[in-house]
Amino acid sequence: MPPRTPSDPDLFSLPAELLLAIARRLDVCSRLALGSTCGCARLLVVNAAVLEVQLSSRAAGLLYEASVKLQVRKSDNPLSRASHAMRVKGRVLPLYSALHPESEKFSLCGEVCLSDADGGVDVCGTARMRRSARDESRHLLPVGLAPDCSCLGLSDGVLSAAPLAAPPIAPPPLRELPRVSLKSSLLLLDLSRAQRVCSLAASGMARLRTVRLPPSAKAVCLEACSSLADLRPTDGCPDLLSLRLDGCRQLRGASFADASWFAASLAELDLSWCSRVEGRDVAALLRSAMSLRSLSLRGLRLGGLLEASEQSGALPRLSALDVGFSSSIGSEAVLAFAERRSELLRCNLRAAGTVSADVYNRNRRRPKHLAARVAEPFYYLKRARRGGDGAS
């Protein structure tokens with residue numbers, strides 16, 4: 001075959017309008033495959049998501065075509081400020097909300113095929129479901145999102161299906177696949193090609209194990225995803241403002257250990273009770289988070305994180321720090337860290353056993369929105385240990 005010259009036409013030499021017209025004629029799986037070939041083709045996949053769900057044995061026994069409907073919440077407002085009603089006693093007030101309070105439920109995909117075939121059978125060109133080769137009860141669901149879909153709420157999402165036709169030789173088919181909650185069935189969420197999704201609210205997903213964030217993510221809430229082990233950004237997520245992972249106890253520190261995160265715009269980070277994440281895992285992330293204003297590390301083993309941040313001059317704009325119930329944190333490091341940051345208004349050291357009571361009660365800082373009671377400093381009183389000295 002003769003070598004290709006620059007003058008030879010190819011698919012991506014066509015005008016953008018023709019490329020988009022060609023892409024619209026492809027189903028979601030074919031479009032995802034085309035977008036994986038090269039960087040130019042990736043632009044054709046404007047907004048698509050891939051979900052992996054695990055169904056019950058009864059639901060997984062469906063071997064005939066079915067109409068599948070996935071209902072989630074969406075909002076036209078990609079980013080909203082957190083309401084004061086979200087305040088929890090003893091916790092740092094969230095800055096952003098990943099799901100607007102007025103968001104409504106909508107159907108994420110229409111007619112699809114639930115089939116035993118390797119690639120599935122496309123019904124309407126919107127999405128299709130197929131069996132996973134690893135497990136008969138696990139299914140991949142590629143979904144095409146609307147161009148205006150910028151805010152996704154999956155916490156109360158449900159998956160349902162109804163058969164389109166009965167198999168020729170089989171027991172009587174199920175009338176309808178029971179409604180399955182995403183909280184109990186979603187295993188994997190890949191939004192790496194959901195280029196227009198800015199906010200993701202998926203808290204309480206008990207079986208969710210792997211998440212790939214959208215490249216334009218601004219607010220992400222994955223609180224109480226107790227099985228989440230792997231979290232990865234797409235293209236570094238340079239626009240990320242809020243990342244809340246409170247209660248993700250299986251999340252591995254390797255998710256933050258490399259340089260894959262661009263945290264220059266990050267303003268809020270909550271890693272409370274992420275038991276498998278340690279201070280050294282997030283040190284590199286915090287060094288680049290020069291705009292961070294709220295940081296919650298409750299229940300973590302910090303292991304010199306504050307000392308490293310002090311030496312590198314990180315977190316200059318931090319206004320709220322929560323290291324309650326943490327360990328491996330020194331009194332001197334806390335005092336030096338707090339005194340050298342003039343914008344720090346709140347430092348919660350509740351139940352930090354390695355911090356002395358004297359240092360604990362010297363960090364009496366009060367948020368600006370409580371300025372009406374300046375005479376009473378804002379702090380948590382640390383009880384003295386039995387047989388020891390300290391405040392009570």
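1. The axes of α8 and helix α9 (residues 331-339) come within 9 Å and cross at roughly 40° in this predicted model. The crossing of the two helices, α8 and α9, is left-handed. These values follow the usual convention, in which two packed helices are described by the angle between their axes and the distance between the axes.

2. The contact itself can be stated residue by residue. On the α8 side L306, E307, S309 and E310 take part, and they meet A333, V334, A336 and F337 of α9. By class, the residues of this contact of α8 with α9 divide into five nonpolar, one polar and two charged.

3. Backbone geometry deserves a check at two positions. Most residues other than glycine have a negative phi. L315, although not a glycine, has a positive phi of about 55°. The residue sits in the loop between α8 (305-312) and β19 (320-322). Is L315 buried or exposed? L315 has a relative accessible area of 1%, and it is therefore classed as buried, the cut-off being under 20%.

4. The second position is A351, which is likewise not a glycine and has a positive phi, here of about 60°. A351 lies in the loop that runs between β20 (346-348) and α10 (357-362). With a relative accessible area of 42%, A351 is partly exposed. The two positions may thus be read side by side: L315 is buried, whereas A351 is partly exposed.

5. Internal voids form a further topic. How many cavities of 30 Å³ or more does the structure hold? There are five of them. The second largest cavity has a volume of about 40 Å³. Its lining consists of C237, L240, L243, W261, F262, A263, L266 and L285. The lining residues of this second largest cavity comprise eight nonpolar, no polar and no charged.

6. Some totals place these details in the chain as a whole. The chain contains ten helices and 20 strands. Of its 392 residues, 48% count as buried, and L315 is one residue that is buried. Among contacts in the chain with a separation of 6 or more, 60% are accounted for by residues 24 or more positions apart.

Technical notes. Residues numbered from 1 in each chain as written. Predicted model: local features only at pLDDT ≥ 70, side-chain atom pairs only at ≥ 80, totals over all residues. Heavy atoms only, no water. Helix = DSSP H or I, 4+ residues; strand = E, 2+ residues; numbered from the N terminus. Buried < 20%, exposed > 50% of the residue type's maximum accessible area, 1.4 Å probe, protein only. 1 Å grid on protein atoms, 1.4 Å probe; cavity = no way out; pocket = protein on both sides within 12 Å on 5 of 7 lines; lining within 4 Å. Points joined across faces, edges and corners; volume = space filled by probe spheres on them. Nonpolar A, V, L, I, M, F, W, Y, C, P; charged D, E, K, R; others polar. Axes fitted to C-alpha atoms, helices over the stretch in contact; angles between N-to-C directions. Left-handed = near helix turned anticlockwise from the far one by under 90°. Contact = heavy atoms within 4.5 Å.
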